[in-house]
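Work through the exercises below with the sequence and the 3D view open. Try each task before you read its solution.

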Amino acid sequence: MPTRTARTAWNGSLEEGSGQVELSSSKIGTYDVSFPKRSAEEANGSTSPEELIAAAHSSCYAMQLSAVLSGAGGTVESLDIRAEVSLGEDPDGGFKLTGIKLIVHGEVSGIDEDTFLKSAEEAKTGCPVSKALTGVDITLDATFES
């Protein structure tokens, strides 16, 4: 299996500095990052580690859920997956990821709702990104449509 890479160039202090994160393997883009925008309600054109984790988690989970549903006899018509990654203060100092919520809407034929919900849970624990993030509370909100 391949290794994927990204790199960040940073200048300045945490509070006043900024950087650019480059998706090196795919060469599809370079994106601005800064702590003030990371901790603000509106990102205003900058990404953050949390948004990049959300992107990684939602896409990985979509692939895993698709595989699990197919294995359960379902035919995936569509999956819409949103990952919400929260950053908060760490009681031990600094910051930490305080939670990840996976919100799933699936249109799947050939299975019932119970099978869909069980598959959604199985995919949550089987997804490689979920496995990497075991130190973070991951919740699931799944909606089924046949």
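**Exercise 1. Which residue of E6 stands opposite Ile 100? Place the pair in its sheet.**

Solution.
Step 1. Find Ile 100; opposite it stands Ile 138 in E6. The model is predicted: local features need pLDDT of at least 70 and side-chain atom pairs count only at pLDDT 80 or more, while totals for chains, interfaces and linings use all residues. Residues are numbered from 1 along each chain as its sequence is written, and side-chain values use heavy atoms, with hydrogens and water left out.

Step 2. Look at the strands. Strand E5 (residues 95-109) runs parallel to E6, and eight bridges join them. Strands (E, at least two residues) and helices (H or I, at least four) are DSSP runs, numbered from the N terminus. Two strands pair if DSSP finds at least two bridges between them.

Step 3. Write down the strand order. The sheet is open, has three strands in the order E4-E5-E6, and its pairing is mixed. Strand E4 (75-89) and strand E6 (138-145) are the edges, each pairing on one side only. On average, neighbouring strands are turned by 15 degrees against each other, direction ignored.

**Exercise 2. Which strands does helix H2 touch? Then do the same for H3.**

Solution.
Step 1. Helix H2 (residues 49-71) packs on the sheet and touches E4, E5 and E6. Contact means heavy atoms within 4.5 Å.

Step 2. Take the angle. The direction of H2 makes about 150 degrees with that of E4. Axes are lines fitted to C-alpha atoms, for helices over the stretch in contact, and angles run from 0 to 180 degrees between N-to-C directions.

Step 3. Turn to H3. This helix lies across E4, E5 and E6, at about 150 degrees to E6.

**Exercise 3. Which residues have the most contacts inside the largest nonpolar core?**

Solution.
Step 1. Recall the general trend: in soluble globular proteins, nonpolar side chains tend to be buried together.

Step 2. Apply the rule. A nonpolar core is a set of buried Ala, Val, Leu, Ile, Met, Phe, Trp, Tyr and Cys residues joined through side-chain atoms within 4.5 Å. Buried means under 20% relative accessible area, exposed over 50%, partly exposed in between (1.4 Å probe, protein chains only).

Step 3. Read off the result. The largest core holds 24 residues, and Tyr 61, Leu 65 and Phe 116 have the most contacts inside it. H2, E4, E5, H3 and E6 each supply at least two of its residues. H2 gives the most, with six.

Step 4. Zoom in on Phe 116. Beyond its neighbours within four places in sequence, its contacts include Leu 69, Val 104, Ala 142 and Phe 144.

**Exercise 4. How many salt bridges are there? Describe two of them in H3.**

Solution.
Step 1. Use the cut-off: a side-chain nitrogen of Lys or Arg within 4 Å of a carboxyl oxygen of Asp or Glu. The count comes to four salt bridges.

Step 2. Asp 114 bridges to Lys 118, with the closest N and O atoms 3.1 Å apart. Both lie in helix H3 (residues 113-126), four residues apart, about one turn of the helix. Asp 114 is partly exposed at 43%, and Lys 118 is exposed at 55%.

Step 3. Lys 124 and Glu 121 meet at 3.8 Å, N to O. They lie three residues apart in H3, about one turn. Lys 124 is buried at 15%, whereas Glu 121 is partly exposed at 37%.
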